[in-house]
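User: Could you walk me through this one? I'd like the overall layout, then a look at the aromatic side chains.

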Amino acid sequence: MAAERTQDRDRDRPVSRVRLDQPRERRARLLPEYDPEAFGRISERIARFLGTGRFLVWMTLTIIVWVAWNIFAPSSLKFDEYPFIFLTLALSLQASYAAPLILLAQNRQDDRDRVNLEQDRKQNERSIADTEYLTREIAALRMGLGEVATRDWIRSELQDLVRELEERRDLFPYGEDRGSDVPDR
């Protein structure tokens, strides 16, 4: 009897089912999430800026000011002595970030170019198919026009008929003495 009660309780309990029409709940992640598209757009902006003359001018001015400050400033205000180790570290850090950002921007551009080329290829295929279809239609129209009576052809046929009728009239002239065929009917 106790076994029947536990079976009844198990039947009354709602069964947790996996719903396939609903998205699963997200699990907690240890690493932060980021939007790859936003990151890609930012990297492209940085890569575009790194490839400009403005960046080269600002970089050159910064290095000149850095070196001049550390050479001509009083000893108490100098922060990077002659071998300029900190400047070398800063330039290395900038280069180590610039190279992957430029590569990422180039990869994204390659992907866009690949998509554009694929779209152009498909458009060219459609244009070629349309051109071939129109060529076949024009050929069919030309063949059909070969069988159509033109104005000049009809005119020449009518002139031939008029000549033939004139020849018959000369052979069989109509006269007043001929009666009508009404009484014969």
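**Fold and aromatic contacts**

Analyst: The secondary structure of the protein chain comes to five helices and zero strands, so that, read along the sequence, the pattern is α-α-α-α-α. Please keep in mind that this is a predicted model.

User: What is the average pLDDT, and which elements have the lowest and highest means?

Analyst: The protein chain averages a pLDDT of 85, and 84% of the residues score at least 70. Among the elements, helix α1 (residues 2–12) has the lowest mean, 58, whereas α3 has the highest, 95.

User: And how much of the chain is buried?

Analyst: Buried residues make up 9% of the 185 residues, while the accessible surface comes to about 17,700 Å², with 59% of it belonging to carbon and sulfur atoms. As for contacts with a separation of 6 or more, 54% of them are accounted for by residues 24 or more positions apart.

User: On to the rings: how many aromatic pairs are there?

Analyst: The count comes to four aromatic pairs. One of them joins tryptophan 66 and phenylalanine 86 in a tilted arrangement, with 5.4 Å centre to centre and 35 degrees between the planes. Tryptophan 66 lies in helix α3 and phenylalanine 86 in helix α4, so this pair ties together parts that are 20 residues apart in sequence.

User: Are those two buried or exposed?

Analyst: Tryptophan 66 counts as buried at 15% relative accessibility, whereas phenylalanine 86 is partly exposed, with a relative accessible area of 44%. Ring pairs also link Trp66, Phe79 and Phe86 into a cluster.

User: Which patch does Phe86 help to make?

Analyst: Phe86 contributes to a nonpolar surface patch of about 530 Å², together with Trp69, Leu77, Phe79 and Leu89. Of these, tryptophan 69 sits in helix α3 and is partly exposed, with a relative accessible area of 41%.

User: Changing topic, what stands out in the backbone at Phe84?

Analyst: Phenylalanine 84 has a positive phi of about 55 degrees although it is not a glycine. Its place is in the loop between α3 (53–72) and α4 (85–146), and with a relative accessible area of 11% phenylalanine 84 is buried, because the cut-off for that class is under 20%.

User: Which ring does Phe84 pair with?

Analyst: Phenylalanine 84 pairs with tyrosine 82, edge-to-face, at 5.9 Å centre to centre and with 65 degrees between the planes. Tyrosine 82 counts as exposed at 67% relative accessibility, so this pair joins an exposed residue to a buried one.

How values were computed. Residues are numbered from 1 along each chain as its sequence is written. This is a predicted model: local features need pLDDT of at least 70, side-chain atom pairs count only at pLDDT 80 or more; totals for chains, interfaces and linings use all residues. Side-chain values use heavy atoms; hydrogens and water are left out. Helices (H or I, at least four residues) and strands (E, at least two) are DSSP runs, numbered from the N terminus. Buried means under 20% relative accessible area, exposed over 50%, partly exposed in between (1.4 Å probe, protein chains only). Patches are made of residues with over 30% relative accessible area and no salt bridge: like charges are joined within 9 Å, nonpolar side chains (Val, Leu, Ile, Met, Phe, Trp, Tyr) within 5 Å. Accessible areas come from the Shrake-Rupley method with a 1.4 Å probe; for residues, only the protein chains shown count as cover. A salt bridge is a side-chain nitrogen of Lys or Arg within 4 Å of a carboxyl oxygen of Asp or Glu. Contact means heavy atoms within 4.5 Å. pLDDT is the predictor's confidence in each residue, from 0 to 100. Rings of Phe, Tyr and Trp (its six-membered ring) pair if their centres lie within 6.5 Å; planes under 30 degrees apart count as stacked, over 60 as edge-to-face and the rest as tilted.
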